[in-house]
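Q: I am new to this structure and should like to learn how to read the places where a ligand may sit and the spaces inside the protein. Could you guide me through them?

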Amino acid sequence: MTTAFDPLDLSGTRIANRIAMAPMTRSRAGAGGTATDLTAEYYAQRASAGLIISEGVQPSAVGQGYAWTPGLHSEEQIASWRKVTDAVHADGGVIFAQIMHAGRISHPSLQPDGGLPVAPSAVAPEGKAFTNDGFQDFVAPRELTADEIRATIADFADAARAAIQAGFDGVELHGANGYLIHQFLAPGSNERTDEWGGSVENRARFAVEVVKAVAAAVGAERTALRISPLNPYNSMSGTDTAEVYEVLIAGIEPLGIAYLHVLEAVPEVREVTADLRKRFTGTFFLNAFTEGPTDHRALALIEDGLADVLTFGALFLANPDLPARLRTEGPYNTPDPSSFFGGDAKGYTDYPAR
Ligand SMILES: Cc1cc2nc3c(=O)[nH]c(=O)nc-3n(C[C@H](O)[C@H](O)[C@H](O)COP(=O)(O)O)c2cc1C
(Lines give C-alpha, C1' and ligand atoms only; values in the text may rest on other atoms or scores of the structure.)
Protein backbone atom coordinates (compact mmCIF):
# COMPACT_ATOMS: atom_id res chain seq x y z
CA MET A 1 0.00 0.00 0.00
CA THR A 2 1.25 3.48 -0.88
CA THR A 3 1.99 5.71 2.10
CA ALA A 4 2.85 9.39 2.46
CA PHE A 5 6.51 8.43 2.89
CA ASP A 6 6.83 6.79 -0.53
CA PRO A 7 8.41 8.68 -3.43
CA LEU A 8 6.44 9.85 -6.44
CA ASP A 9 7.25 10.64 -10.05
CA LEU A 10 5.86 14.16 -10.51
CA SER A 11 5.81 14.54 -14.29
CA GLY A 12 9.37 13.31 -14.57
CA THR A 13 10.72 14.86 -11.36
CA ARG A 14 11.21 12.42 -8.51
CA ILE A 15 9.89 13.75 -5.22
CA ALA A 16 11.12 11.98 -2.11
CA ASN A 17 7.78 11.75 -0.31
CA ARG A 18 4.13 12.76 -0.67
CA ILE A 19 4.26 15.48 1.96
CA ALA A 20 4.31 18.95 0.42
CA MET A 21 4.63 22.38 1.97
CA ALA A 22 1.48 24.37 1.20
CA PRO A 23 1.94 27.88 -0.24
CA MET A 24 2.13 30.53 2.49
CA THR A 25 2.45 34.28 2.13
CA ARG A 26 4.89 35.62 4.71
CA SER A 27 5.14 39.32 3.71
CA ARG A 28 8.87 39.57 4.26
CA ALA A 29 10.10 40.48 0.77
CA GLY A 30 13.11 42.75 0.34
CA ALA A 31 13.14 46.09 -1.52
CA GLY A 32 11.38 45.95 -4.89
CA GLY A 33 9.53 42.73 -4.01
CA THR A 34 12.65 40.55 -3.99
CA ALA A 35 13.52 37.31 -2.24
CA THR A 36 16.23 37.74 0.40
CA ASP A 37 18.94 35.62 2.05
CA LEU A 38 16.42 34.98 4.83
CA THR A 39 13.88 33.73 2.27
CA ALA A 40 16.49 31.27 1.02
CA GLU A 41 17.27 30.09 4.55
CA TYR A 42 13.55 29.61 5.36
CA TYR A 43 12.83 27.47 2.31
CA ALA A 44 16.10 25.50 2.51
CA GLN A 45 15.25 24.58 6.11
CA ARG A 46 12.09 22.92 4.71
CA ALA A 47 13.79 21.01 1.86
CA SER A 48 12.79 17.61 3.30
CA ALA A 49 9.30 18.24 1.91
CA GLY A 50 8.60 16.14 -1.16
CA LEU A 51 7.72 19.46 -2.79
CA ILE A 52 7.82 23.03 -1.50
CA ILE A 53 5.19 25.34 -2.97
CA SER A 54 6.35 28.93 -2.47
CA GLU A 55 4.35 31.77 -1.03
CA GLY A 56 2.08 33.55 -3.51
CA VAL A 57 4.24 35.58 -5.91
CA GLN A 58 2.65 38.33 -8.02
CA PRO A 59 3.00 38.05 -11.80
CA SER A 60 2.67 41.84 -12.24
CA ALA A 61 2.63 44.98 -10.11
CA VAL A 62 -1.20 45.10 -10.26
CA GLY A 63 -1.35 41.49 -9.08
CA GLN A 64 -0.05 42.43 -5.61
CA GLY A 65 -2.59 42.01 -2.83
CA TYR A 66 -0.66 42.36 0.43
CA ALA A 67 2.17 44.42 1.82
CA TRP A 68 5.74 43.16 1.28
CA THR A 69 4.94 40.25 -1.01
CA PRO A 70 7.50 39.25 -3.65
CA GLY A 71 7.10 39.27 -7.43
CA LEU A 72 8.42 37.60 -10.57
CA HIS A 73 8.04 40.46 -13.03
CA SER A 74 11.30 42.47 -12.78
CA GLU A 75 14.86 41.38 -13.61
CA GLU A 76 15.86 42.13 -10.03
CA GLN A 77 13.08 39.92 -8.64
CA ILE A 78 13.91 37.05 -11.01
CA ALA A 79 17.61 37.19 -10.07
CA SER A 80 16.73 37.28 -6.36
CA TRP A 81 14.88 33.95 -6.49
CA ARG A 82 17.97 32.13 -7.80
CA LYS A 83 19.52 32.01 -4.33
CA VAL A 84 16.30 30.43 -3.00
CA THR A 85 16.04 27.72 -5.64
CA ASP A 86 19.79 27.01 -5.41
CA ALA A 87 19.59 26.66 -1.62
CA VAL A 88 16.60 24.30 -1.79
CA HIS A 89 18.19 22.19 -4.53
CA ALA A 90 21.50 22.02 -2.64
CA ASP A 91 19.59 20.41 0.22
CA GLY A 92 17.89 17.91 -2.11
CA GLY A 93 14.53 19.69 -2.31
CA VAL A 94 12.13 20.46 -5.14
CA ILE A 95 10.33 23.82 -5.31
CA PHE A 96 7.46 25.27 -7.36
CA ALA A 97 6.57 28.98 -7.37
CA GLN A 98 2.97 29.84 -6.62
CA ILE A 99 1.85 32.55 -9.05
CA MET A 100 -0.82 34.61 -7.37
CA HIS A 101 -2.73 37.55 -8.83
CA ALA A 102 -4.86 38.92 -5.99
CA GLY A 103 -7.33 40.79 -8.21
CA ARG A 104 -9.77 42.76 -6.04
CA ILE A 105 -8.16 41.53 -2.78
CA SER A 106 -5.78 44.49 -2.87
CA HIS A 107 -5.79 48.21 -2.21
CA PRO A 108 -4.86 51.39 -4.15
CA SER A 109 -1.90 51.90 -1.82
CA LEU A 110 -0.43 48.62 -3.12
CA GLN A 111 -1.13 49.46 -6.78
CA PRO A 112 1.08 51.28 -9.31
CA ASP A 113 0.30 55.02 -9.13
CA GLY A 114 -2.37 54.39 -6.48
CA GLY A 115 -4.81 53.01 -9.06
CA LEU A 116 -7.76 50.76 -8.36
CA PRO A 117 -7.21 47.01 -8.08
CA VAL A 118 -8.57 45.07 -11.06
CA ALA A 119 -11.13 42.24 -11.18
CA PRO A 120 -13.66 40.59 -13.51
CA SER A 121 -16.33 43.03 -12.27
CA ALA A 122 -16.50 46.16 -10.11
CA VAL A 123 -17.80 44.32 -7.03
CA ALA A 124 -16.13 45.29 -3.75
CA PRO A 125 -15.22 42.52 -1.33
CA GLU A 126 -16.09 42.97 2.33
CA GLY A 127 -13.34 43.43 4.85
CA LYS A 128 -9.93 45.00 4.92
CA ALA A 129 -6.72 44.87 2.92
CA PHE A 130 -3.33 44.29 4.59
CA THR A 131 -1.31 47.32 3.42
CA ASN A 132 2.02 48.91 4.31
CA ASP A 133 -0.01 51.23 6.58
CA GLY A 134 -1.95 48.51 8.33
CA PHE A 135 -5.47 47.30 7.57
CA GLN A 136 -7.59 49.47 5.26
CA ASP A 137 -11.11 48.97 3.83
CA PHE A 138 -11.35 47.19 0.49
CA VAL A 139 -12.53 49.34 -2.40
CA ALA A 140 -14.61 48.48 -5.47
CA PRO A 141 -12.13 47.26 -8.10
CA ARG A 142 -12.02 48.34 -11.74
CA GLU A 143 -13.48 45.92 -14.27
CA LEU A 144 -10.85 44.50 -16.63
CA THR A 145 -11.40 45.11 -20.35
CA ALA A 146 -11.27 42.13 -22.70
CA ASP A 147 -7.83 43.29 -23.94
CA GLU A 148 -6.60 43.56 -20.36
CA ILE A 149 -7.82 40.02 -19.66
CA ARG A 150 -5.68 38.75 -22.55
CA ALA A 151 -2.73 40.80 -21.26
CA THR A 152 -3.21 39.38 -17.75
CA ILE A 153 -3.13 35.84 -19.11
CA ALA A 154 0.13 36.75 -20.86
CA ASP A 155 1.46 38.11 -17.54
CA PHE A 156 0.89 34.69 -15.93
CA ALA A 157 2.80 33.04 -18.79
CA ASP A 158 5.66 35.56 -18.51
CA ALA A 159 5.88 35.03 -14.75
CA ALA A 160 5.98 31.27 -15.29
CA ARG A 161 8.88 31.68 -17.73
CA ALA A 162 10.57 33.92 -15.19
CA ALA A 163 10.09 31.29 -12.48
CA ILE A 164 11.80 28.64 -14.60
CA GLN A 165 14.58 31.12 -15.43
CA ALA A 166 15.00 31.65 -11.67
CA GLY A 167 15.46 27.91 -11.16
CA PHE A 168 12.01 26.83 -9.93
CA ASP A 169 11.04 23.28 -10.88
CA GLY A 170 7.56 24.41 -11.91
CA VAL A 171 4.71 26.76 -11.07
CA GLU A 172 1.41 26.42 -9.25
CA LEU A 173 -1.29 28.86 -10.39
CA HIS A 174 -3.34 30.22 -7.51
CA GLY A 175 -6.97 29.61 -8.42
CA ALA A 176 -8.16 29.36 -4.80
CA ASN A 177 -9.10 31.54 -1.83
CA GLY A 178 -10.98 34.28 -3.66
CA TYR A 179 -8.10 35.73 -5.69
CA LEU A 180 -8.26 36.71 -9.38
CA ILE A 181 -8.72 33.27 -10.98
CA HIS A 182 -11.31 32.32 -8.35
CA GLN A 183 -13.03 35.71 -8.84
CA PHE A 184 -13.68 34.74 -12.48
CA LEU A 185 -15.07 31.32 -11.47
CA ALA A 186 -17.75 32.56 -9.05
CA PRO A 187 -20.83 34.60 -10.09
CA GLY A 188 -20.70 36.70 -6.91
CA SER A 189 -17.49 38.36 -8.13
CA ASN A 190 -18.03 37.89 -11.88
CA GLU A 191 -21.03 39.71 -13.33
CA ARG A 192 -19.64 39.92 -16.86
CA THR A 193 -21.87 39.35 -19.86
CA ASP A 194 -19.09 38.79 -22.43
CA GLU A 195 -17.27 35.51 -23.11
CA TRP A 196 -15.62 35.74 -19.65
CA GLY A 197 -18.79 35.62 -17.54
CA GLY A 198 -22.31 34.27 -17.29
CA SER A 199 -22.43 30.55 -18.14
CA VAL A 200 -20.20 28.08 -16.28
CA GLU A 201 -18.20 27.65 -19.50
CA ASN A 202 -17.57 31.38 -19.65
CA ARG A 203 -16.68 31.67 -15.96
CA ALA A 204 -14.24 28.75 -16.25
CA ARG A 205 -12.63 30.25 -19.37
CA PHE A 206 -10.11 32.50 -17.60
CA ALA A 207 -8.76 29.64 -15.46
CA VAL A 208 -8.55 27.31 -18.46
CA GLU A 209 -6.86 29.95 -20.62
CA VAL A 210 -4.31 30.79 -17.92
CA VAL A 211 -3.43 27.11 -17.49
CA LYS A 212 -3.14 26.66 -21.26
CA ALA A 213 -0.96 29.75 -21.69
CA VAL A 214 1.35 28.73 -18.85
CA ALA A 215 1.57 25.13 -20.08
CA ALA A 216 2.46 26.43 -23.54
CA ALA A 217 5.12 28.70 -22.01
CA VAL A 218 6.90 26.29 -19.67
CA GLY A 219 5.48 22.85 -20.41
CA ALA A 220 2.42 21.16 -18.91
CA GLU A 221 4.73 18.99 -16.79
CA ARG A 222 5.84 22.15 -14.97
CA THR A 223 2.35 23.63 -14.59
CA ALA A 224 -0.06 23.03 -11.69
CA LEU A 225 -3.31 24.59 -10.50
CA ARG A 226 -4.72 25.17 -7.01
CA ILE A 227 -8.49 25.49 -6.48
CA SER A 228 -10.77 25.67 -3.44
CA PRO A 229 -14.38 24.86 -4.39
CA LEU A 230 -17.10 26.31 -2.13
CA ASN A 231 -14.53 28.32 -0.19
CA PRO A 232 -16.23 31.30 1.52
CA TYR A 233 -12.94 33.15 2.14
CA ASN A 234 -12.45 36.70 0.76
CA SER A 235 -16.17 37.41 0.23
CA MET A 236 -16.82 34.34 -1.92
CA SER A 237 -19.42 33.06 0.54
CA GLY A 238 -22.43 31.43 -1.14
CA THR A 239 -21.40 32.42 -4.64
CA ASP A 240 -19.16 29.52 -5.68
CA THR A 241 -20.66 26.25 -6.94
CA ALA A 242 -19.31 22.80 -7.79
CA GLU A 243 -20.50 22.88 -11.45
CA VAL A 244 -17.89 25.32 -12.67
CA TYR A 245 -15.11 23.00 -11.47
CA GLU A 246 -16.40 20.15 -13.65
CA VAL A 247 -16.06 22.39 -16.69
CA LEU A 248 -12.67 23.64 -15.53
CA ILE A 249 -11.32 20.10 -15.06
CA ALA A 250 -12.70 19.02 -18.44
CA GLY A 251 -10.86 21.98 -19.98
CA ILE A 252 -7.46 21.29 -18.43
CA GLU A 253 -7.57 17.48 -18.25
CA PRO A 254 -6.23 16.92 -21.80
CA LEU A 255 -3.15 19.09 -21.13
CA GLY A 256 -1.53 16.63 -18.71
CA ILE A 257 -0.40 19.15 -16.10
CA ALA A 258 1.90 18.24 -13.19
CA TYR A 259 -0.86 18.24 -10.58
CA LEU A 260 -4.19 19.61 -9.42
CA HIS A 261 -4.19 20.95 -5.85
CA VAL A 262 -7.51 21.03 -4.03
CA LEU A 263 -7.82 23.05 -0.84
CA GLU A 264 -10.74 21.99 1.35
CA ALA A 265 -11.81 25.13 3.19
CA VAL A 266 -15.02 23.68 4.63
CA PRO A 267 -15.92 20.12 5.68
CA GLU A 268 -18.96 19.94 3.33
CA VAL A 269 -16.65 20.01 0.33
CA ARG A 270 -15.38 16.42 0.77
CA GLU A 271 -17.91 15.05 -1.73
CA VAL A 272 -16.73 17.59 -4.31
CA THR A 273 -13.12 16.60 -3.60
CA ALA A 274 -13.92 12.93 -4.19
CA ASP A 275 -15.68 13.82 -7.45
CA LEU A 276 -12.74 15.94 -8.66
CA ARG A 277 -10.35 13.14 -7.74
CA LYS A 278 -12.29 10.86 -10.11
CA ARG A 279 -12.51 13.41 -12.90
CA PHE A 280 -8.87 14.47 -12.84
CA THR A 281 -6.66 11.58 -13.93
CA GLY A 282 -3.33 13.26 -13.13
CA THR A 283 -1.53 13.68 -9.80
CA PHE A 284 -3.88 14.94 -7.10
CA PHE A 285 -2.66 17.16 -4.26
CA LEU A 286 -4.96 17.74 -1.29
CA ASN A 287 -4.90 20.30 1.51
CA ALA A 288 -7.43 18.39 3.59
CA PHE A 289 -9.98 20.03 5.83
CA THR A 290 -9.19 19.27 9.46
CA GLU A 291 -10.07 20.94 12.75
CA GLY A 292 -6.93 22.98 13.47
CA PRO A 293 -3.77 22.79 11.36
CA THR A 294 -3.48 19.69 9.17
CA ASP A 295 -1.36 17.06 10.96
CA HIS A 296 -0.54 13.31 10.76
CA ARG A 297 -4.23 12.39 10.94
CA ALA A 298 -4.51 13.43 7.28
CA LEU A 299 -1.90 10.89 6.18
CA ALA A 300 -4.47 8.11 5.89
CA LEU A 301 -6.08 9.95 2.98
CA ILE A 302 -3.20 8.76 0.80
CA GLU A 303 -3.74 5.17 1.89
CA ASP A 304 -7.48 5.66 1.24
CA GLY A 305 -6.67 6.79 -2.30
CA LEU A 306 -8.31 10.22 -1.97
CA ALA A 307 -5.01 11.99 -2.73
CA ASP A 308 -1.54 11.30 -4.12
CA VAL A 309 0.15 14.08 -2.15
CA LEU A 310 -0.94 15.95 0.99
CA THR A 311 -0.03 19.55 1.69
CA PHE A 312 0.60 21.07 5.10
CA GLY A 313 0.53 24.78 5.85
CA ALA A 314 0.75 26.04 9.42
CA LEU A 315 2.62 23.00 10.72
CA PHE A 316 5.23 23.29 7.98
CA LEU A 317 5.63 26.96 8.84
CA ALA A 318 6.40 26.01 12.44
CA ASN A 319 8.22 22.71 11.87
CA PRO A 320 11.04 22.84 9.32
CA ASP A 321 11.50 19.06 9.64
CA LEU A 322 7.79 18.27 9.32
CA PRO A 323 8.03 14.96 7.37
CA ALA A 324 10.14 13.44 10.17
CA ARG A 325 7.69 14.69 12.79
CA LEU A 326 4.68 13.35 10.89
CA ARG A 327 6.35 9.94 10.85
CA THR A 328 6.47 9.94 14.66
CA GLU A 329 3.02 11.59 14.92
CA GLY A 330 4.55 14.66 16.55
CA PRO A 331 5.41 16.37 18.77
CA TYR A 332 5.11 19.66 16.87
CA ASN A 333 6.26 23.22 17.47
CA THR A 334 3.16 25.44 17.76
CA PRO A 335 2.67 28.02 14.97
CA ASP A 336 2.63 31.62 16.22
CA PRO A 337 0.06 33.63 14.20
CA SER A 338 1.46 36.96 15.40
CA SER A 339 4.55 36.42 13.21
CA PHE A 340 2.80 34.89 10.16
CA PHE A 341 2.81 38.12 8.12
CA GLY A 342 5.66 40.60 8.14
CA GLY A 343 8.66 40.95 10.42
CA ASP A 344 12.07 39.33 10.45
CA ALA A 345 13.68 36.04 11.39
CA LYS A 346 11.47 35.69 14.46
CA GLY A 347 8.71 33.24 13.68
CA TYR A 348 10.30 32.63 10.27
CA THR A 349 13.68 30.90 10.43
CA ASP A 350 13.92 30.35 14.19
CA TYR A 351 11.52 27.41 14.64
CA PRO A 352 13.78 24.56 15.75
CA ALA A 353 14.17 21.20 14.02
CA ARG A 354 14.50 18.24 16.39
C1 LIG B 1 0.45 32.35 7.01
C2 LIG B 1 -0.34 31.72 5.90
C3 LIG B 1 -0.24 32.24 4.62
C4 LIG B 1 -0.94 31.65 3.56
N5 LIG B 1 -0.72 32.11 2.27
C6 LIG B 1 -1.23 31.42 1.22
C7 LIG B 1 -0.82 31.74 -0.12
O8 LIG B 1 0.00 32.63 -0.39
N9 LIG B 1 -1.36 31.00 -1.12
C10 LIG B 1 -2.27 29.99 -0.88
O11 LIG B 1 -2.73 29.34 -1.83
N12 LIG B 1 -2.65 29.66 0.39
C13 LIG B 1 -2.13 30.33 1.43
N14 LIG B 1 -2.43 29.93 2.72
C15 LIG B 1 -3.30 28.75 2.92
C16 LIG B 1 -2.46 27.49 3.13
O17 LIG B 1 -1.79 27.12 1.94
C18 LIG B 1 -3.34 26.31 3.62
O19 LIG B 1 -4.32 26.06 2.63
C20 LIG B 1 -4.01 26.60 4.95
O21 LIG B 1 -3.07 27.07 5.90
C22 LIG B 1 -4.70 25.35 5.53
O23 LIG B 1 -3.79 24.28 5.69
P24 LIG B 1 -3.15 23.89 7.12
O25 LIG B 1 -4.29 23.47 8.01
O26 LIG B 1 -2.22 22.76 6.84
O27 LIG B 1 -2.46 25.12 7.64
C28 LIG B 1 -1.79 30.53 3.80
C29 LIG B 1 -1.91 30.05 5.11
C30 LIG B 1 -1.19 30.61 6.14
C31 LIG B 1 -1.30 30.01 7.52
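The dialogue below takes up the ligand, the pocket, the cavities and two points of the backbone.

A: One caution comes before the rest: this is a predicted model.

Q: How many residues surround the ligand, and which are the closest?

A: A residue is counted here when one of its heavy atoms lies within 4 Å of the ligand. In this model 18 residues surround the ligand, and the closest are Pro 23, Thr 25, Arg 226, Asn 287 and Gly 313. By class, this shell holds nine nonpolar residues, eight polar ones and one charged one.

Q: What is the distance from Pro 23 to an oxygen atom of the ligand?

A: A polar contact is read from a pair of N or O atoms within 3.5 Å. For Pro 23, a backbone N or O atom lies 2.8 Å from an oxygen atom of the ligand. Gly 313 also takes part through its backbone, with a polar atom 2.7 Å from an oxygen atom of the ligand. His 174 uses its side chain instead: a polar atom there is 3.0 Å from a ligand oxygen atom. As for cover, the ligand has 610 Å² of accessible area on its own, and the protein covers 83% of that area.

Q: Where does the ligand sit?

A: A pocket is an open space, whereas a cavity is one that the probe cannot leave. The ligand sits in the largest pocket, whose volume is about 1000 Å³.

Q: Which residues of the lining lie nearest the centre of the largest pocket?

A: The lining comprises 38 residues, and those nearest the centre of the pocket are Pro 23, Met 24, Asn 177, Tyr 233 and Leu 263. Pro 23 thus appears in this group and also among the residues closest to the ligand. The lining has 21 nonpolar, 13 polar and four charged residues.

Q: Which strand gives the most to the lining of the largest pocket?

A: Strand 7 gives the most, with three residues. Strand 7 (128-131) and helix 9 (314-318) each supply at least two residues of this lining.

Q: How many cavities of 30 Å³ or more are there?

A: There are two cavities of that volume or more. The largest cavity holds about 40 Å³ of space. Among the residues that line it are Thr 25, Gln 58, Tyr 66 and Met 100. Its lining divides into three nonpolar, seven polar and no charged residues.

Q: What lines the second largest cavity?

A: The lining of the second largest cavity consists of Arg 28, Ala 29, Ala 35, Thr 39, Glu 55, Pro 70, Trp 81 and Tyr 348. Five of these residues are nonpolar, one is polar and two are charged. The volume of this cavity is about 40 Å³.

Q: Which peptide bond is cis, with omega near 0°?

A: The peptide bond from Gly 330 to Pro 331 is cis, with omega near 0°. Pro 331 is found in the segment after helix 10 (322-327).

Q: Where does Ser 11 lie?

A: Ser 11 lies in the loop between strand 1 (8-10) and strand 2 (13-15). Its phi is near 50°, a positive value in a residue other than glycine.

Notes:
Residues are numbered from 1 along each chain as its sequence is written. This is a predicted model: local features need pLDDT of at least 70, side-chain atom pairs count only at pLDDT 80 or more; totals for chains, interfaces and linings use all residues. Side-chain values use heavy atoms; hydrogens and water are left out. A polar contact is a pair of N or O atoms within 3.5 Å; within protein, one must be able to donate a hydrogen and the other to accept it, and residues adjacent in sequence count only if both atoms are side-chain atoms. Accessible areas come from the Shrake-Rupley method with a 1.4 Å probe; for residues, only the protein chains shown count as cover. On a 1 Å grid over the protein atoms alone, a cavity is a set of points where a 1.4 Å probe fits but cannot get out, and a pocket is an open set with protein on both sides within 12 Å along at least five of seven lines; lining residues have an atom within 4 Å of a point. A molecule sits in a cavity or pocket if more than half of its atoms lie within 2 Å of its grid points. Ala, Val, Leu, Ile, Met, Phe, Trp, Tyr, Cys and Pro count as nonpolar, Asp, Glu, Lys and Arg as charged, and the others, Gly among them, as polar. Grid points are joined across faces, edges and corners, and a volume is the space filled by probe spheres set on the points. Helices (H or I, at least four residues) and strands (E, at least two) are DSSP runs, numbered from the N terminus.
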